[in-house]
Amino acid sequence: MGRFNNTFSHPDGFVLVGFSERPRLEMVLFVAVSTFYIMTLLGNSAIIFLSHLDPRLHTPMYFFLANLSFLDLCYTTSTVPQMLVNIQSHRRNISYTGCIAQLFVFLGLGSTECILLSIMAFDRYVAICRPLHYIVIMNSRFCQQMAAVAWGTGFSNSLVQTVLTFLLPRCGQYRVENFFCEVPAMLQLSCVDTRTNEVEMYAAVVIIKVIPVGLILFSYINIVRAVVGIQSTEGRKKAFNTCGSHLLVVVMFYGSAISGYAYMVPKSNSAKLKGKLLALFYGLVTPMLNPLIYTLRNRDVKGAVKKLLGREEEGWSTA
């Protein structure tokens, strides 16, 4: 524990470099990030509100969607306000405690989202491939248990990685090459061999990201097989629309998150910029787009919005 305590000797905490080397880009980002953050708050809050308000949305699919929206609200809030303050005030510092808390919460929520997306794919698999057993399998208790497993596993992984990361000595290095504290950026500050930590991190990536991706692929392969067997064109269209939103979210989140690890040890300014932009994408853009994707492509959500606005049309169907 001596090494852990020694890292707290720097009075100013850490310096979040962000995009400070590009001041013009920072001003554009301040406007863009502020807009995206407001849209994220409004969109995800609306999904949570609608899923609780409308009885016809009290289904497993919207239970998990509400979990995802709440997660995305916390996910962006863990990093964006600090980023906006840093850009506006030009103060790049974050305290040790703040950095630890930010890394733990951000990583925990990101890990939880990976598992939650695989659970949502399983829900669609049961709905389409086992429709007669759907109510029995996806009962309320089972859904709550799966959500608890997702949150528990995500934050357990975060706890382990946070502790291992902050046990590393940094020998006076406190410039974090990102706009928030995350494991790859923090490993770059270490003045000792970090191969053990990198192996542990990639092992966690396999468990938290790769395995859920495999489960998602398995679910959708079986879904496609079942949909192909549906004779009704309307039935096939409905099934694909139900799964299309979730699949699009999966591709955006996993694609950007996994790609970010390719820039764990950037060797050029161009690679550093790409890594930061990828982090910005999966840390802000994806959570902002999630409610828009589900709202625009989902009849239930659009119907709930119309009902809320007093313009409900007769005969809108449920997915």
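Here are some worked exercises on this predicted model, each a task followed by its solution.

**Exercise 1: the sheet**

Task: Work out in which order the strands of the open sheet stand, and which strands are at its edges.

Solution: Start with the strand order. The open sheet has 3 strands, arranged β2-β1-β3, and the pairing is mixed. Next, look at the ends of that order: β2 (93–94) and β3 (175–176) each have a single partner strand, so one side of each has no neighbour in the sheet. Now take one pairing in detail. Strand β1 (residues 14–16) and β3 run parallel and are joined by 2 bridges. To find this pairing in the viewer, look for L16, which stands opposite V176 in β3.

**Exercise 2: two salt bridges**

Task: Find the salt bridges of the structure and decide whether the residues in each are buried or exposed.

Solution: Begin with the count, which is 2 salt bridges in the structure. One of them brings together the side chains of R124 and D123, at 2.9 Å from N to O. Both of these residues, R124 and D123, are buried. The salt bridge of R195 with D193 has its closest N and O atoms 2.7 Å apart. Then check the accessibility of each partner. R195 has 58% relative accessibility and therefore counts as exposed, since the cut-off for that class is over 50%. D193 has 47%, so D193 counts as partly exposed.

**Exercise 3: annotated spans and the model**

Task: Compare the record's "transmembrane region" feature with the secondary structure of two of its spans.

Solution: First, read the record. The unreviewed UniProt entry places this feature at residues 28–50, 62–87, 99–122, 202–224, 245–265 and 277–296. Then turn to the model for residues 28–50: this span is 100% helix and 0% strand, with 33 Å between its end C-alpha atoms. Do likewise for residues 99–122, where the chain is again 100% helix and 0% strand. The end C-alpha atoms of residues 99–122 are 35 Å apart.

**Exercise 4: the length and setting of α5**

Task: Test whether the end-to-end distance of helix α5 fits its number of residues, and find how many of its residues are buried.

Solution: Take the 34 residues of α5 at 1.5 Å a residue, which gives an expected span of 50 Å. Now compare the model: the end C-alpha atoms of α5 are 49 Å apart, which agrees. For the setting, count the buried residues. They number 26 of the 34, so α5 is largely enclosed by the rest of the structure.

**Exercise 5: aromatic pairs**

Task: Classify the ring pairs F63 with F64 and Y75 with F106, and say where their residues lie.

Solution: A useful reminder is that two numbers describe such a pair, the distance of the ring centres and the angle of the planes. A search of the whole structure gives 13 aromatic pairs. For F63 and F64, the centres are 5.3 Å apart and the planes stand at 65 degrees, so this pair is edge-to-face. F63 is partly exposed at 28% relative accessibility, whereas F64 is buried at 1%. Y75 and F106 make a stacked pair, 4.6 Å centre to centre with 10 degrees between the planes. Y75 belongs to helix α3 (residues 60–77) and F106 to helix α5 (residues 96–129), so the pair ties together parts 31 residues apart in sequence. Y75 is buried with a relative accessible area of 2%, and F106 is buried with 5%. To finish, look for the cluster of F14, Y96, F166 and Y174, which ring pairs link together.

Methods:
Residues numbered from 1 in each chain as written. Predicted model: local features only at pLDDT ≥ 70, side-chain atom pairs only at ≥ 80, totals over all residues. Heavy atoms only, no water. Pairing = 2+ DSSP bridges. Helix = DSSP H or I, 4+ residues; strand = E, 2+ residues; numbered from the N terminus. Salt bridge = Lys/Arg side-chain N within 4 Å of Asp/Glu carboxyl O. Buried < 20%, exposed > 50% of the residue type's maximum accessible area, 1.4 Å probe, protein only. UniProt positions renumbered as here; feature names shortened; annotations may be inferred. Phe/Tyr/Trp six-rings, centres within 6.5 Å; stacked < 30°, edge-to-face > 60°. Expected span 1.5 Å × (residues − 1).
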